[in-house]
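Welcome to a short tour of a structure that may be new to you. Take a moment to look at the picture and the sequence below, and then we will walk through them together.

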Amino acid sequence: MDLRADNLVLPGRLAGIGLTLRAGEVTAIVGPNGAGKSSLLACLAGLITPQVGRVTCGSEDLATLAPRLRARRIGYLPQRSEEHTS
């Protein structure tokens with residue numbers, strides 16, 4: 001099943017990004033600090049919604065998938081864990 005991004009735009013972070021990730025392939029996303037790598041991955045995981053564009057998993061738009069179903073299709077391990085301090 002392919003994960004596809006079409007024309008993703010997040011102002012100040014992503015500008016018209018498109019790509020297709022295929023099962024069984026290894027893909028590296030590289031670039032300098034602040035280039036939008038983490039924002040792209042968050043969009044691909046359905047954690048943030050782009051202002052323009054869409055992400056599909058197979059034929060399903062991630063924006064329309066229930067969170068539980070999306071979690072069954074896509075795994076995401078952030079670079080840092082969310083730490084809550086009091």
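A good place to begin is a hairpin: β1 and β2 have 3 residues between the strands, and there G12 takes a positive phi near 80 degrees. The strand names follow DSSP, with strands being E runs of at least two residues and helices being H or I runs of at least four, numbered from the N terminus. Before going on, please note that this is a predicted model, where local features need pLDDT of at least 70, side-chain atom pairs count only at pLDDT 80 or more, and totals for chains, interfaces and linings use all residues. Residues are numbered from 1 along each chain as its sequence is written, and side-chain values use heavy atoms, with hydrogens and water left out.

**The sheet**

How are the strands ordered in the open sheet? The 4 strands follow the order β2-β1-β3-β4, and their pairing is antiparallel. β2 and β4 are the edge strands, each pairing on one side only. Two strands count as paired if DSSP finds at least two bridges between them. The table lists the pairs.

| Strand pair | Bridges | Direction |
|---|---|---|
| β1 and β2 (residues 14-21) | 6 bridges | antiparallel |
| β1 and β3 | 5 bridges | antiparallel |
| β3 and β4 | 2 bridges | antiparallel |

You can pick out single partners too. V9 has A15 in β2 as its bridge partner, while L3 stands opposite C57 in β3. C57 in turn has E60 in β4 as a bridge partner.

**Around the hairpin**

Back at the hairpin, P11 lies in the loop between β1 and β2. P11 counts as exposed, at 57% relative accessibility. Here buried means under 20% relative accessible area, exposed means over 50%, and partly exposed is in between, using a 1.4 Å probe and protein chains only. From P11 to Q79 there are 68 residues in sequence and 22 Å in space, C-alpha to C-alpha.

L10 is found in strand β1. Is L10 buried or exposed? L10 counts as buried because its relative accessibility is 6%. L10 and Q51 are 41 residues apart in sequence, yet their C-alpha atoms are 5.6 Å apart in space. Leaving aside neighbours within four places in sequence, L10 is in contact (heavy atoms within 4.5 Å) with S39, C43, I48, T49, P50 and Q51.

**The helix**

One of those contacts leads us to helix α1, where S39 is found. S39 is buried, with a relative accessible area of 11%. With neighbours within four places in sequence left aside, S39 is in contact with L10, R13, L14 and I48. The buried residues of α1 are S39, L40, A42, C43 and L44, and what covers them includes β1, β2 and β3. After α1 comes G46, which has a positive phi near 80 degrees.

**The core**

In soluble globular proteins, nonpolar side chains tend to be buried together. A nonpolar core is a set of buried Ala, Val, Leu, Ile, Met, Phe, Trp, Tyr and Cys residues joined through side-chain atoms within 4.5 Å. The largest one here has 14 residues, of which L3, L8, L14, L44, V55 and L62 touch the most other members. β1 (3-10), α1 (37-44) and β3 (52-57) each supply at least two residues of this core, and β1 gives the most, with 4 residues. Beyond neighbours within four places in sequence, the contacts of L62 include L3, L44, V55 and I74.

**The pocket**

What is the volume of the largest pocket? The volume is about 320 Å³. Of the 15 residues lining the largest pocket, L3, L21, L44, I74 and G75 are the closest to its centre. A pocket is an open set of points on a 1 Å grid over the protein atoms alone, where a 1.4 Å probe fits, with protein on both sides within 12 Å along at least five of seven lines; lining residues have an atom within 4 Å of a point. Grid points are joined across faces, edges and corners, and a volume is the space filled by probe spheres set on the points.
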